[in-house]
Amino acid sequence: MNRNNSLKAYAEAVRYIPGGVNSPVRALRSVNASPLFIQKARGTTLKDVDGNRFTDFCLSWGVFILGHSHPAVNKAIRKAVSNGSSYGIPSVPETKLARWVNRYFPSMEKVRFVSSGTEAVMSAIRLARGYTKRNLIVKFDGCYHGHADHLLVSAGSGVAGLSGSSSAGVPDAFTAYTISLPFNDIDAVEQLFREKGGDIAAVIVEPVPANMGVVLPKPGFLEQLRKITTQYQSLLIFDEVITGFRLSIGGAQKQFNITPDLTTLGKIIGGGFPAAAFGGKSEIMALLAPDGPVYQAGTLSGNPVAMSAGIETLKILSQPGYYENLEKKAAAFFTELSEAIADKGIRLNHTGSLFTLFFTTEEVHSFADAKRTDQERFGRFFNYMLANHFYVSPSQFEANFLSGAHSEKELKRFVKLVKNFPETF
Ligand code: KE4
């Protein structure tokens, strides 16, 4: 496969951009590959600057549940941008998308838009501390909630590979109020609350973690989190940046029938544009400036073009049968994939249209389990799939995504490639 133009583009990029990328995981360091430079994406197909085509299972980290460059979304964006791209003054599309969010996430009685998941989570944490007047935040090992200083503790995604539990440049004082516990370990949570419950502002959790690879909550774990946070008057924050509008039109909280106090959303809600959101009970959101004392702001927050992309995306997702069809396709795919890996020392964790192939013979229920997988072998798998024109998420500690655009033919070819994965690749 000719990759010369990508190699040339990378050599030029590293002259001006650290690591040649604007987000570390794109550098493909953990899979020992040189980054692709993409020229075009449509549906499930990526086309790189050498003209190579790949079937995409990363979908810009889960954004494109409809597939890349959906015609109806593009039409909405073109119309919106013809009216100007940003005003820094309120516009009706912001209220319209907030209404869509509230319709499907009724726990989000009020919604504030921001430009990234990091901003959404950072703001939700500040709000939780302002509302409870407490400082401690509890997160879980391997969960990733963006790159705000105080959350880079035992984080997943691109941080997972870093030595130590935090990024360099984060003073110990900045993480002093962040406690990270093993995911799925409710005893550890109960023990901590017995000791410090009165000081805990909030527990933040990816209800189905996807940033250590996909790890499923053990039955009752999330319900127990809801019960114990209520008991100690701490807030429960569901970080649904990935699961929101992914696991269902109402995210994980609809699927598990659990009402968090605050929720963060991202990726799908922006339809491919920089837009994310946080929201929850009106009583809590009332503390946000300009109504209340918790400050939060953003130049391009609620950007009308991003709002139009989000609105059009949700219009399509809310059509009857969208999720049923996606999940039916996914279920058939996972059944065949499970058969294909039966004797290959690979584990499949999946839910809805979200999945990770872990290179281990053991079950994966936590970050500690995920870190015991064979990452070198995963790297060889990534490059084997790439050589066969399939782009899977380039890290063992990431999820893969199906979209409404993936065809049966593409899914069957994926299964066949996995089944024929040569250990010597
Ligand atoms: P952003 O700031 O990257 O928009 O969102 C941060 C974030 C927050 N919460 C969850 C559950 C997330 O998954 C993310 C970001 N996800 C990663 C992929 N696992 C973004 C990809 C990247 O870092 O380039």
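Me: Before we count anything, what is a polar contact here?
Reply: It's a pair of N or O atoms within 3.5 Å, where one must be able to donate a hydrogen and the other to accept it. Keep in mind that this is a predicted model. For the pairs between the two domains, both residues need pLDDT 80 or more. With that rule, the count between domain 1 and domain 2 comes to 11 residue pairs.

Me: And how many salt bridges sit across that interface?
Reply: Here you'd look for a Lys or Arg side-chain nitrogen within 4 Å of an Asp or Glu carboxyl oxygen. Across the interface of domain 1 and domain 2, the number found is zero.

Me: Which stretches of the chain make up domain 1?
Reply: Domain 2 takes 72-317. Domain 1 comes in two pieces, 4-69 + 320-419.

Me: How much area do the two domains bury between them?
Reply: Domain 1 brings 30 residues to the contact and domain 2 brings 34. Carbon and sulfur atoms account for 64% of the buried area. The total is about 2,600 Å².

Me: Which residues of domain 1 lose the most area to domain 2?
Reply: Three of them together make up 25% of what the domain 1 side buries. They are Leu-66, Tyr-323 and Phe-367.

Me: Which element gives the largest share of the domain 1 side?
Reply: Several elements supply at least two residues each, among them α2 (59-62), α12 (322-341) and β11 (347-351). Overall, that side divides into 18 nonpolar, 10 polar and two charged residues. The largest share is four residues, and it comes from β12.

Notes
Residues numbered from 1 in each chain as written. Predicted model: local features only at pLDDT ≥ 70, side-chain atom pairs only at ≥ 80, totals over all residues. Heavy atoms only, no water. Domains from an automatic or database assignment. Contact = heavy atoms within 4.5 Å. Buried area = accessible area lost by both parts, 1.4 Å probe. Polar contact = N/O pair within 3.5 Å; in protein donor to acceptor, adjacent residues only side chain to side chain. Nonpolar A, V, L, I, M, F, W, Y, C, P; charged D, E, K, R; others polar.
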